[in-house]
Every structure is written in structure tokens, then in C-alpha cells.
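Colleague: Let us go through this model by question and answer. Please show it before we begin.

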Amino acid sequence: MANSRAINSRIANFRSYDVAARRAEVVRQTDLTDADIAVYDDGGLGIDQADRMVENVLGVIGIPVGVATNFTINGRDYLIPLATEEASVVAAASNAARIARGLGGFHVSSTAPIMQAQIQLVDVVDPAAARIRLLEARDEIMALANEQDPKLVSVGGGVKDISVRIVSSPEATYVVLHLHVDVRDAMGANAVNTMAEAIADRVAEIGGGHVVLRILTNKADLRLTRVRAVFDAELIGGPDVVDNLIHAARMAELDPYRAATHNKGIMNGISAVVLATGNDTRAVEAGCHSHAVNADGIYSSLSHFEKNADGNIVGTLELPMPVGLVGGATKVHPAAQAAIKMLGVESADELAGIILAVGLAQNLAAVRVLASEGVQRGHMGLHARNIAASAGAEKHEIDAVVARLIADKSIRVEHAETVLAEIRTEN
């Protein structure tokens with residue numbers, strides 16, 4: 001359900017709050033209770049729950065969960081949970097959202113939530129004719145598949161179409177039928193896999209071959225989410241930084257070596273929200289990186305940046321985003337449930353839009369830094385806090401140690417240990 005309270009994601013000096021104050025502010029602004037947010041105390045997952053989720057359980061692993069601020073998406077403010085171990089991701093996304101906020105924030109839209117399953121036929125003697133026979137049987141195949149999930153059909157989902165492809169190699173020619181399934185607010189893997197297995201024998205009978213694969217594809221190119229935002233040129237750093245940012249973005253479009261790192265920056269934001277909400281990071285990442293291969297077969301940038309008539313940066317991003325609110329860890333993981341409640345989302349489409357907005361924000365922030373002072377200045381400043389903690393600094397000592405590490409331009413554990421010893425001697 002949507003949050004019953006109006007959220008203002010522009011929280012001054014949120015980074016300076018201690019953990020208890022941040023929690024109190026999130027509880028005040030959202031429908032989360034103190035009990036809801038307390039699930040993060042122990043990583044959000046008890047050992048008994050973990051033992052029911054996967055096999056051979058030994059324990060759980062904790063990942064920091066931060067809250068991104070300043071986001072306005074389709075006219076509504078959100079406080080967005082990100083699960084990530086990488087310093088700077090939460091701060092960078094929040095800062096980019098602030099830069100976009102004054103010019104309308106993020107605008108998102110999406111297609112219907114169509115997932116696809118593939119049924120592969122081998123040893124078909126007449127592949128072209130088999131394709132036509134399967135298309136002729138479209139209504140029969142769709143009806144048989146929809147019988148497997150009447151509940152999904154009752155809420156407006158179910159199979160909406162089929163397509164048939166011929167995939168050839170020197171060794172073999174395969175006839176591959178695709179089911180196009182509207183999965184509504186689910187990620188959809190279980191639904192489409194069940195349907196594919198149920199119709200496989202009939203598909204083989206009509207096509208005149210035998211079945212090998214009958215499973216979903218994570219190339220969810222019929223389930224697209226789009227986001228756009230305008231980023232204020234002055235807040236970015238002025239005309240020179242804007243021009244450099246566009247050059248850096250063009251490099252990612254042209255060069256696969258740069259594109260890999262550029263897209264990793266996008267996924268820093270996307271995967272963090274996907275993980276925080278209990279969705280399938282591997283499925284999302286596979287679909288996104290598959291989408292990065294352009295029509296010429298070259299791995300390229302997922303995002304696009306250009307300058308508008310006012311000299312501001314316009315960023316756009318269009319990606320497959322197969323995430324859900326029902327099923328999977330989203331429904332059984334207490335921390336994921338808290339994240340969904342914090343967001344107050346009502347549909348998988350809304351969640352997908354939030355995820356893409358964070359991805360675009362994180363991308364803008366990363367490229368902006370690269371186009372100006374370079375990544376190490378900000379990133380290593382945050383990394384220095386981890387180094388100080390690794391050296392044994394207590395909470396009240398960390399700021400002093402970090403300041404020295406940065407001033408000395410030596411962010412290493414052994415140097416932090418020396419600095420810490422000096423600070424303790426002085427005190």
C-alpha cells in the first residue's frame with residue numbers, strides 16, 4: 001500500500017544523524033513502525049528463516065542498508081533503501097537526486113509486465129513449416145498455458161501472445177516457441193516456468209520434434225521501464241563539467257571497455273535497491289547487461305546523456321526490470337518486507353520505476369565525478385572511514401583519523417594504525 005503520510009525526501013544534514021536519529025526520521029515519515037525498522041538490528045534474517053530459504057545453511061551475511069534521500073519520482077517523494085557494501089553509492093545517488101529535484105525530479109513509465117518462457121524443439125524436419133503450424137495453434141497453446149494459473153488470469157494477467165523463432169547453427173536448427181505472459185505484480189519466473197512445462201509436450205507434437213529446454217528467459221525485453229531526468233548544469237559544476245560529462249558518456253556508448261565500468265555504475269544503484277527489496281539481483285543484472293548489446297552486436301552504454309537548450313544535462317535510461325512484490329524473498333524476508341513498506345509501493349511497475357531512477361542518479365553522479373575531480377577524491381574519502389575502523393579506531397576517533405589520512409594522502413591500514421596511535425598519545 002502507498003504510504004499514508006506525505007514524505008519529504010529532502011532531509012537536511014541526514015548524513016550527520018546518528019543511526020537512531022535516522023531510524024526515527026524514517027519511521028516518522030513513512031508507515032514503518034519502530035518494530036518494523038528493528039528488523040535491521042540483526043541483518044533482518046534469523047537463522048531459522050534462512051534455513052527455510054536455501055540448503056545447507058550455516059548462517060547469514062550482513063550487508064549495510066542505507067537510505068537515499070532527495071528523490072522525487074513522478075511527482076512523489078520517496079525514501080529509498082539501498083543494500084550495498086560499496087562506499088559512496090548512497091551518498092552519490094542522493095546528491096544526484098538533489099541536482100534533479102529542482103527541475104522536476106525523475107519521470108518514469110513502463111510497458112506491461114510481460115515475461116517470456118522458451119520451449120526449444122530439436123530434430124524438427126521442417127522448421128519453417130513447424131513455425132507456421134505452431135502459430136496456427138496460437139489460441140490452443142495460450143488456453144492450455146492459462147489453465148495452469150487461473151488466479152493470474154483472474155487479475156488480468158496470463159498469456160497474451162506467442163511467437164516462434166528459428167535458431168540455426170551449422171550443427172542443428174532449433175524451433176523455439178516463446179510464451180508472452182503478463183505476470184502482473186510478480187517477478188514471474190515460477191508462473192512462466194510452470195506454463196512452459198505444461199505445454200511442452202503439445203508444442204512438440206504440433207512442431208514435430210522433441211523438447212529440450214522449457215524455461216523462462218531473463219532477457220526481459222518486453223518488460224521495459226524508462227526514466228528521464230534533467231540535471232541542473234550549475235549544480236553539476238558548470239558548462240565545462242557538463243561538456244566533459246557528455247564526452248565521458250559518449251565514450252561509454254562507443255567503447256565496450258568503458259561501457260563495462262559505466263554500466264557497473266548504473267548497477268551499483270539498481271542492484272542495491274533490488275537486493276534491499278528481496279528481488280532477484282542476478283535476473284535483473286543478466287537482463288540489463290543483455291540489453292546493453294546494441295543492434296551491431298557491440299556491448300554499449302545503457303544510459304544516454306545530452307545537453308538541452310538551457311545547457312542542462314538530460315539523462316535517460318530504458319531497461320528490462322523484472323521485479324515483483326509477490327512471491328520469493330520479497331514475501332518471506334523481514335528486511336525486504338520493511339523495505340517495501342518504507343517505499344509504500346503499490347505495484348511492481350512502481351517499484352521498477354524507483355529502481356531505474358536510482359540507477360540513473362547513481363550513473364550521473366559517477367560520470368560527473370569522473371568528468372571533474374576524479375573518482376578517488378570522494379570515493380577514497382569514504383573508504384578512509386572503513387580503513388580507520390579496520391585500524392581499530394573507536395567511533396569518537398574515526399573523524400580525526402580520516403582527516404589525517406586524507407591530509408596525508410595515504411589511505412592505508414598501516415598508516416591509519418600509526419595515526420591512531422599518535423592521536424591516542426596526544427589525548
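Colleague: Which residue follows helix 14 with a positive phi?

Modeller: This is a predicted model, in which local features need pLDDT of at least 70 and side-chain atom pairs count only at pLDDT 80 or more, while totals for chains, interfaces and linings use all residues. Residues are numbered from 1 along each chain as its sequence is written, and side-chain values use heavy atoms, with hydrogens and water left out. Helices (H or I, at least four residues) and strands (E, at least two) are DSSP runs, numbered from the N terminus. The residue after helix 14, with phi near 70°, is Gly-344.

Colleague: How many residues of helix 14 are buried?

Modeller: Buried means under 20% relative accessible area, exposed over 50%, and partly exposed in between, with a 1.4 Å probe and protein chains only. The buried residues of helix 14 include Pro-334, Ala-338, Ile-340 and Leu-343. Helix 14 is mostly covered, the buried count being 8 of 10.

Colleague: Is His-333 buried or exposed?

Modeller: His-333 sits in the loop between helix 13 (329-332) and helix 14 (334-343). Leaving aside neighbours within four places in sequence, His-333 is in contact (heavy atoms within 4.5 Å) with Gly-43, Gly-44, Leu-45 and Met-53. With a relative accessible area of 16%, His-333 is buried.

Colleague: At what angle do the axes of helix 4 and helix 15 cross?

Modeller: Axes are lines fitted to C-alpha atoms, for helices over the stretch in contact, and angles run from 0 to 180 degrees between N-to-C directions. The axes of helix 4 (residues 89-101) and helix 15 (residues 348-370) come within 8 Å, crossing at roughly 95°. Helix 4 is therefore roughly perpendicular to helix 15, a class that takes in 65 to 115 degrees, with angles under 35 roughly parallel, over 145 roughly antiparallel and the rest oblique. The crossing angle is roughly 95°.

Colleague: How many nonpolar residues are in the contact of helix 4 with helix 15?

Modeller: Among the residues that meet are Val-89, Ala-92 and Ile-99 in helix 4 and Val-358, Leu-364 and Arg-368 in helix 15. Ala, Val, Leu, Ile, Met, Phe, Trp, Tyr, Cys and Pro count as nonpolar, Asp, Glu, Lys and Arg as charged, and the others, Gly among them, as polar. With 2 polar and 1 charged residues beside them, the nonpolar residues number 10.

Colleague: What arc do the buried residues of helix 18 cover around the axis?

Modeller: The buried residues of helix 18 (residues 413-426) are His-415, Ala-416, Val-419, Leu-420 and Ile-423. An α-helix has 3.6 residues a turn, so residues three or four places apart point the same way. The arc is that of the directions from the helix axis to the C-beta atoms. The buried residues lie on the same side of helix 18, because their arc is only 135°.

Colleague: Which residue in the loop between strand 2 and helix 4 has a positive phi?

Modeller: The residue is other than glycine, and its phi is near 90°. At a relative accessible area of 22%, the residue is partly exposed. In the loop between strand 2 and helix 4, this is Ser-88.

Colleague: What distance separates the C-alpha atoms of Lys-219 and Glu-285?

Modeller: Lys-219 lies in the loop between strand 7 (210-217) and strand 8 (224-231) and counts as partly exposed at 36% relative accessibility. Lys-219 and Glu-285 are 66 residues apart along the chain, and their C-alpha atoms are separated by 9.9 Å.

How values were computed: Expected span 1.5 Å × (residues − 1).
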